[in-house]
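Biologist: Before we use any descriptive words for this model, I would like to hear what each of them rests on. Could you take me through the reasoning step by step?

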Amino acid sequence: MTFSHDVEHSLEVVVDLVNSDPAAGGSEGLPDVGSLRSLIDTYKISDLPTITDADLRAVRALRPRLRSIFEADETAEAADLVNGLLDGTRVCPRLTNHDGYDWHTHYFAPGAAPAEHLLIDAGMALSFVVVAGEQERLQVCSAPDCGRVLVDLSRNRSKRYCDSRTCGNRLHVAAYRERQRAAAV
C-alpha cells in the first residue's frame, strides 16, 4: 500500500516528532524553540505564527499521545487513540498549492498554533493508515534497547528497525558473533 505524498510526509514528521522525546531512548530532541523551528523548517511546514516557549511545551506534550498510537496492539485501539487525538480540534480541510508543492490538502485552520497544526496533520495521516487497514505499519523499533518508532512503508512489510545501519546492523552482528561462539565450542 502506498499512501499519498502528503500522508507519507506527515508520517515522517510524526516519526521525527515522537523520536525527539527522551522516552524514545535518547536525549531531548526539542530542547528549545530554535530546535522546534528547525523541525518546522526541515519539513517545510507552512502557515505557522511565531513560535513561543508555550508552543514548545504544547508540542512536547503531543509526543506521548502520538507514541501511544504506534504502541497500540489492535486496530480498534489505534482508532480510539486517533479519535481521542483529534477530538476537540478545529479540522478545517482546504486545498492549497504553496512553496512549489502541487495541490494538496491542509486540515488545520488558518493561523493554527504549531501544536494544533502538528496534532491535526498527524491525526489525519494516522487516521488514513488505520482506515486503510495498515495499522501494523506503525511500529516501535524491534531492537530491545531502542524505543524509537517507525513507519514501515516497505512493500513486503519487512522493516523492523528504526535504522538498519544502527539498530538492525548491531543486532545482526551480535547474532553472527553468537553463532560464531556457539560453533567454536
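Modeller: Gladly, with the reminder that this is a predicted model. Valine 18 is a good place to begin, as its relative accessibility is 1%.

Biologist: Why is valine 18 called buried?

Modeller: The cut-off for buried is under 20% relative accessible area, and valine 18, at 1%, therefore counts as buried. This residue belongs to helix α1, which covers residues 5-19, and beyond its neighbours within four places in sequence it is in contact with Ala24, Arg63, Leu66, Arg67 and Val149. For arginine 67, which is 49 residues away along the chain, the C-alpha separation from valine 18 is 6.0 Å.

Biologist: How do you know whether α3 and α4 are roughly parallel or roughly antiparallel?

Modeller: Helix α3 (residues 53-71) and helix α4 (residues 75-86) pack at about 155°, with their axes 8 Å apart; since angles over 145 degrees count as roughly antiparallel, the two helices are therefore roughly antiparallel to each other. Their crossing is left-handed, and the contact is made by residues including Leu62, Leu66 and Ile69 of α3 and Leu81, Val82 and Leu85 of α4. By class, this contact has 7 nonpolar, 2 polar and 1 charged residues.

Biologist: What makes strand β2 largely enclosed by the rest of the structure?

Modeller: Strand β2 spans residues 104-108, and 4 of its 5 residues are buried, so the description follows from that count. Strand β1 (residues 91-96) pairs with β2 in the antiparallel sense over 4 bridges, and threonine 96 stands opposite histidine 104 in β2.

How values were computed. Residues numbered from 1 in each chain as written. Predicted model: local features only at pLDDT ≥ 70, side-chain atom pairs only at ≥ 80, totals over all residues. Heavy atoms only, no water. Axes fitted to C-alpha atoms, helices over the stretch in contact; angles between N-to-C directions. Parallel < 35°, antiparallel > 145°, perpendicular 65-115°, else oblique. Left-handed = near helix turned anticlockwise from the far one by under 90°. Contact = heavy atoms within 4.5 Å. Nonpolar A, V, L, I, M, F, W, Y, C, P; charged D, E, K, R; others polar. Buried < 20%, exposed > 50% of the residue type's maximum accessible area, 1.4 Å probe, protein only. Pairing = 2+ DSSP bridges.
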